[in-house]
Every structure is written in structure tokens, then in C-alpha cells.
Amino acid sequence: MKTRFWAASCRRLLLASMALAAMAVGAGVAVADDDSDGRGFKVIFSSEGPTDWVITGAACSTIPDDAVINGTGTNSLVIKERINRDGTATLMFTGKARGTAVDQDGNSYRWSYN
């Protein structure tokens with residue numbers, strides 16, 4: 001398999017789409033209220049599940065206009081919160097995704113986003 005790196009804007013579009021999909025279906029949602037990392041952050045949302053996506057040249061300017069890339073894989077999203085001494089909240093978002101993709105010419109790719 002070939003490995004390709006897409007422009008940051010396309011990767012952000014992909015991760016945002018997967019995160020929204022995970023939240024919409026509630027795949028593997030878990031919530032905990034303990035101090036899970038020793039720094040005062042608590043997990044307030046956690047989701048893991050499958051993802052399927054399509055990127056076209058129309059949506060991403062770094063690939064040819066006629067390109068169509070179909071991907072599949074898994075993604076996870078964890079949101080942690082810490083309440084600061086002044087009463088404000090700090091949120092930490094961690095998203096990871098990986099899988100495979102095939103373009104319109106049948107070329108195969110592995111992708112990973114952390």
C-alpha cells in the first residue's frame with residue numbers, strides 16, 4: 001500500500017466529519033467522572049467506532065478536481081474537562097483515526113490522523 005499525506009485542511013475536514021458522525025450515532029459512548037489523568041482533567045465524553053468517508057477534488061484543493069477517494073476505518077474522540085480555580089473550564093479534545101482508502105484509479109492507501 002502507498003502512504004500519502006494530505007494537506008492539513010483536508011485532514012481537519014476528515015477528522016471533523018468523523019467526530020460529528022461518532023457523536024451522532026453515539027458509537028461506544030462512555031462517560032467517567034474520576035480524575036482520569038492525574039492533572040485534574042475528567043473524561044466527559046468518549047466515543048469509538050467505525051467510519052466511512054469520501055473526499056473529492058471539489059472538497060479538497062490539494063487533490064485533482066476529478067479525484068474521488070473512498071475511505072474506511074475506525075475513529076475515537078475523547079473530551080476531557082478541568083474546572084480551574086477561577087471557575088473557568090479547560091477542555092481537551094483528543095481525536096484519533098486510521099484506516100484504508102482507495103482512489104478512483106484503484107490505488108490503495110493507509111491513513112492515520114492523530
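Colleague: Partly exposed lies between buried, under 20% relative accessible area, and exposed, over 50%. Which of these words fits Ile44, and what is its relative accessible area?

Modeller: Happy to start there, keeping in mind that this is a predicted model. Ile44 is found in strand S2. Its value falls between the cut-offs of 20% and 50%, so Ile44 counts as partly exposed, with a relative accessible area of 35%.

Colleague: Thanks! Which residues make a nonpolar surface patch with Ile44, and what is its area?

Modeller: Ile44 is joined there by Leu91 and Phe93. Together these residues make a nonpolar surface patch of about 290 Å².

Colleague: Now to the aromatic rings: how many pairs are there, and of which kind?

Modeller: The count comes to 1 aromatic pair. The ring centres of Trp53 and Trp111 lie 5.6 Å apart, with the planes at 75 degrees. An angle over 60 degrees is the criterion here, so the pair is edge-to-face.

Colleague: How many residues apart are Trp53 and Trp111?

Modeller: Trp53 sits in strand S2 (residues 42-56) and Trp111 in strand S5 (residues 108-113). The pair thus links distant parts of the chain, 58 residues apart.

Colleague: Are these two tryptophans buried or exposed, and how many residues make up the largest nonpolar core?

Modeller: Trp53 and Trp111 are both buried. They belong to the largest nonpolar core, whose members also include Ile69, Ala101 and Tyr109. Strands S2, S4 (89-103) and S5 each supply at least two of its residues. Ala101 is in contact with Trp53 and Trp111, among others. The core has 10 residues in all.

Key: Residues are numbered from 1 along each chain as its sequence is written. This is a predicted model: local features need pLDDT of at least 70, side-chain atom pairs count only at pLDDT 80 or more; totals for chains, interfaces and linings use all residues. Side-chain values use heavy atoms; hydrogens and water are left out. Rings of Phe, Tyr and Trp (its six-membered ring) pair if their centres lie within 6.5 Å; planes under 30 degrees apart count as stacked, over 60 as edge-to-face and the rest as tilted. Helices (H or I, at least four residues) and strands (E, at least two) are DSSP runs, numbered from the N terminus. Buried means under 20% relative accessible area, exposed over 50%, partly exposed in between (1.4 Å probe, protein chains only). A nonpolar core is a set of buried Ala, Val, Leu, Ile, Met, Phe, Trp, Tyr and Cys residues joined through side-chain atoms within 4.5 Å. Contact means heavy atoms within 4.5 Å. Patches are made of residues with over 30% relative accessible area and no salt bridge: like charges are joined within 9 Å, nonpolar side chains (Val, Leu, Ile, Met, Phe, Trp, Tyr) within 5 Å. Accessible areas come from the Shrake-Rupley method with a 1.4 Å probe; for residues, only the protein chains shown count as cover. A salt bridge is a side-chain nitrogen of Lys or Arg within 4 Å of a carboxyl oxygen of Asp or Glu. Lists of a residue's contacts leave out its neighbours within four places in sequence.
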